Amino acid sequence: MATRGRQARVTITDVARHAQVSTTAVSKVLRNAYGVSDAMREKVRAAIDELGYRPHNAARAMRGRTFTIGVQLPHIRNPFFSDIVDGLTDEISGSGYQAIMVQSGDLDADAERRAIDALMDRQVDGILSVAPVCSRAQLEEVARNTPLVVLGRHDRSALYDCVLDDDELGAQLMVEHLIALGHRRIAHITQRDTATRRSAVLLQAIRARTYEQVMTEHGLAEHLAIAATSYTEEGGYDGARELLARHPRPTAIFAGADQAAFGVLAAIHEAGLTVPGDISVAGYDNARMSRLAHISLTTVDQDGAIMGTTAGRLLLERIGGRAAAVRFSVTPTLVARRSTAPPA
């Protein structure tokens, strides 16, 4: 009885012959190498789809590529991070790359470096580091060995790319929105920073500093009130309880992240107060949960999907051979919803 033989695996040579290009050209498209024309990429992609070509991962790893990108996150609880990862995976999926995620814990530079080392040990082809707290020197050490994109920091380095939000503008938009509503006793919840020598480049420090500047410029310095906790629900809850205990209590609370704002909402509800009847609440990020009807959080949109997409594109370019550093900044916008209103 005759048996059917296994169908021969489609090779890179078959793709090159079908597309009528060189195997080098096909390899560049598969690696998403920097400088490949759109026409060449489209021709090779069409041949790959028609032949059903699938790169052999083991062979690629032997040639020095694993076709994986590592993502280091402070934690996985922040819903805004999912917007970033969605954008990243959408961007890299067409190139055959997969994302591997690790969490490093808030405000722990040592744990952060261990997480990044774990990604490097797995020989990822590039790394996206989201809101890292370690020093620039440590990040540059990583970038010397692995293509690196840093998201959320206001660093400048010749060795890695940066994707960031204009945090000064975003915080200014929010504080001025609350002042325009008539609020004077506006409080802020920030994320504590134990390494003051790096505070100038950390987003939470920029947002807190801008809050102070805008309040002072409007003659409201006497009403400055900052609770330094963390950009988590627990941090927002603890910060709100601290602020609500002050006399007089604030009429508005601006949390530096949506996730912290969710904790603020819980603390206000627990205190028997209403939002925005007694206290207005605002966040920062425009995470998907903030748009839910029963939350309707006023926030600052920094478009996490665009940040993730851009980070993915920059990583693929770095892996493909680009050496010049790129710095990409998102322009934030204010999104006013039902959680803010004029003070009673």
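A salt bridge here is a side-chain nitrogen of Lys or Arg within 4 Å of a carboxyl oxygen of Asp or Glu. The model is predicted, so local features need pLDDT of at least 70 and side-chain atom pairs count only at pLDDT 80 or more, while totals for chains, interfaces and linings use all residues. Residues are numbered from 1 along each chain as its sequence is written, and side-chain values use heavy atoms, with hydrogens and water left out.

**View A. Salt bridge between Arg 207 and Asp 167.** The closest approach of the two side chains is 2.7 Å, N to O. The pair links distant parts of the chain, 40 residues apart: Arg 207 belongs to helix H9 (residues 203-217) and Asp 167 to helix H8 (residues 167-180). Helices (H or I, at least four residues) and strands (E, at least two) are DSSP runs, numbered from the N terminus. Both Arg 207 and Asp 167 are buried, where buried means under 20% relative accessible area, exposed over 50% and partly exposed in between (1.4 Å probe, protein chains only).

**View B. Surroundings of Asp 165 in strand E5 (residues 161-165).** Asp 165 is buried but has no salt bridge. The nearest side chain of opposite charge is that of Arg 207, 4.3 Å away; Lys and Arg count as positive and Asp and Glu as negative, with His and the chain ends not counted. Leaving aside neighbours within four places in sequence, the contacts of Asp 165 include His 154, Arg 207, Tyr 284 and Gln 302. Contact means heavy atoms within 4.5 Å.

**View C. Salt bridges of Asp 155 and Glu 317.** Asp 155 pairs with Arg 153, their closest N and O atoms being 2.8 Å apart, and both residues are buried. Glu 317 pairs with Arg 322 at 2.9 Å between the closest N and O atoms. Glu 317 has a relative accessible area of 18% and therefore counts as buried; Arg 322, at 8%, is buried as well. A network of salt bridges links Asp 161, Arg 313, Glu 317, Arg 318 and Arg 322. The structure holds twelve salt bridges.

**View D. Packing of helix H2 (residues 23-30) and helix H3 (residues 38-51).** The two axes come within 10 Å and cross at roughly 90 degrees. Axes are lines fitted to C-alpha atoms, for helices over the stretch in contact, and angles run from 0 to 180 degrees between N-to-C directions. H2 and H3 are therefore roughly perpendicular, a class that covers 65 to 115 degrees; under 35 counts as roughly parallel, over 145 as roughly antiparallel and the rest as oblique. Ala 25, Val 26, Val 29 and Leu 30 in H2 meet Met 40, Arg 41, Val 44, Arg 45 and Ile 48 in H3. The residues of this contact divide into seven nonpolar, no polar and two charged.

Technical notes: Nonpolar A, V, L, I, M, F, W, Y, C, P; charged D, E, K, R; others polar.
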